[in-house]
Amino acid sequence: MPRFFIQQFGCRATQADGAAIERQLLDRGFASVSTAADADIVVVNTCTVTASADAQARDAIRKLHAANPAVRVIVTGCYAQRAPEEIAVLPGVAWVVGNSHKPQIPQLVDSLSTAASSARSVESPSDFFPAAALHSDSTMPFHSFVGAGLAPPVAPHLGNILTGNIFDRTEFLSAPVLGGEGNHTRPTLKIQDGCNSRCSYCVIPFVRGRSRSLPPGTVIQEIQRLAESGYREIVLSGINLGTYGRDLSPRVEFEDLLRRILDETSVERLRVSSIEPLDVTQDLVDIFASSERIAQHFHMPLQSASDRILATMHRWYRAEHYARRVELIHDRLPHAAIGADVITGFPGESEDDHASTLAFIERLPFTYLHIFSFSKRPGTKAASLANEVPSGVIKRRARELRALGEKQAAAFRQSQLGRTLRVLTLRPADSSEASQQDTTPALSSNYLKVRLSGNHAANTWFEVLISAETGTTLVGEPILSCSANDACPQPVVASLR
């Protein structure tokens, strides 16, 4: 049986796709290995949100081939959907599979392994995809609802390419992501994919298709399964999470899904990864404020605080609309984390536009920022805009925004000194880090990194009195019992089954 390795790039949605592919391959009896060097087949799961993401994927593919020319490389993901011909010419690429045909990768790996063992090559998709086998029969978390016919390779002279119109596909590819941040203690569950918006800078709708949702009953089952396995915090993710359920019949509101999760599962803490500002309603904030089981953490993409630039970006709000959402959150949850994405250097962005964004951010209680330099994406409306901002100017503006973000993050950490925070330990202390010995990293509800004194097991709740900070991390002493008005239980260790 061949050995496989999945090399991941990009966002949580892409990682969820990779987790689903991995589960399918394991179900078929293939062996997962921990490094590409030990694999017979490597699946490279790509991102294309920026030009640097494309370059990173190409560099990884070249290195894989150089290290082991015999390895069979299957390239999939958003870059593979957007520009399959660019990838097909790279050395070592056996197949390029777009997001449109990602669910068929397990069958393709079957075919490659069969071809290798019989010393023959695959000649066409029909060789390995029988018409009646478009869906997996796996019993593990992998959600494929309605299929479509297979498209033939679009450029066979360049190599084997399997892709098609992403808007014709309605499969939902997802499995819980158990690794990554948190060292297996905070799994991510993708419950929504695709996007119906058309922001002028964003290529993602064209490589992921229309918005579609995991049915609420399936969401409940997956969360309960994870909770029963011992996971205490679960992160909900999606491409445009606030649109969850609008494609379902009957329609389901995201707020109603959250209520069902709280009512019907035993998950101890639920975190929402990112949500568009106009989807942050009074009802949503009330739900967050009503339960300690929902992390006090809002990540709302801002992109710009210049109304002129927001209009050119085709964003559906203006700066003051966004500000009202931030103020609504802060009024109800004054210690909540409020993060934002900001794009600098969008075509036509003037110094006044940049200054407006800086002033807007400075007057609001943001707790962290993610800063992105504008990256021209082929096929988007912004790619054809004139008045490009010089790269040197973009770098300087990005530095200014990052400095402001760091200043506000530091102020937020300072505001937590003397408070008691409920935190979840992420992993035992690494004894190889001398400066971190006898401490354990943890994460608070309001998305702060905390180091507890002492070595503690991962996935353990503690009430921690915050006493100091070091760098970008808070330091605290564990409290072994909760105060009278606290709903949390005495901290105990929960093993992951």
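Me: Two strands are said to pair if DSSP finds at least two bridges between them. In this predicted model, how do you know that strand 15 and strand 16 pair?

Reply: Five bridges join strand 15, residues 439-444, to strand 16, residues 449-453, and because the definition asks for at least two, these strands count as a pair. They run antiparallel, and one of the bridges sets Leu443 against Lys449 in strand 16. The two strands form a hairpin with four residues between them, and Tyr447 in the turn has a positive phi of about 60°.

Me: What makes strand 16 and strand 18 a pair?

Reply: Three bridges join strand 16 to strand 18, residues 473-479, so the requirement of at least two is met here as well. These strands run parallel, and Leu452 stands opposite Gly476 in strand 18.

Me: Why is the span of helix 1 called close to the expected one?

Reply: Helix 1, residues 12-27, has 16 residues, and the expectation at 1.5 Å a residue is 22 Å. From the first C-alpha to the last, helix 1 reaches 22 Å, so the span is close to the expected value. Just after helix 1, Gly29 takes a positive phi of about 95°.

Me: Why are Ala13 and Leu25 in helix 1 called buried?

Reply: The word applies under 20% relative accessible area, and the buried residues of helix 1 include Ala13, Ile21 and Leu25, so each of these three falls under that cut-off.

Note on methods:
Residues numbered from 1 in each chain as written. Predicted model: local features only at pLDDT ≥ 70, side-chain atom pairs only at ≥ 80, totals over all residues. Heavy atoms only, no water. Buried < 20%, exposed > 50% of the residue type's maximum accessible area, 1.4 Å probe, protein only.
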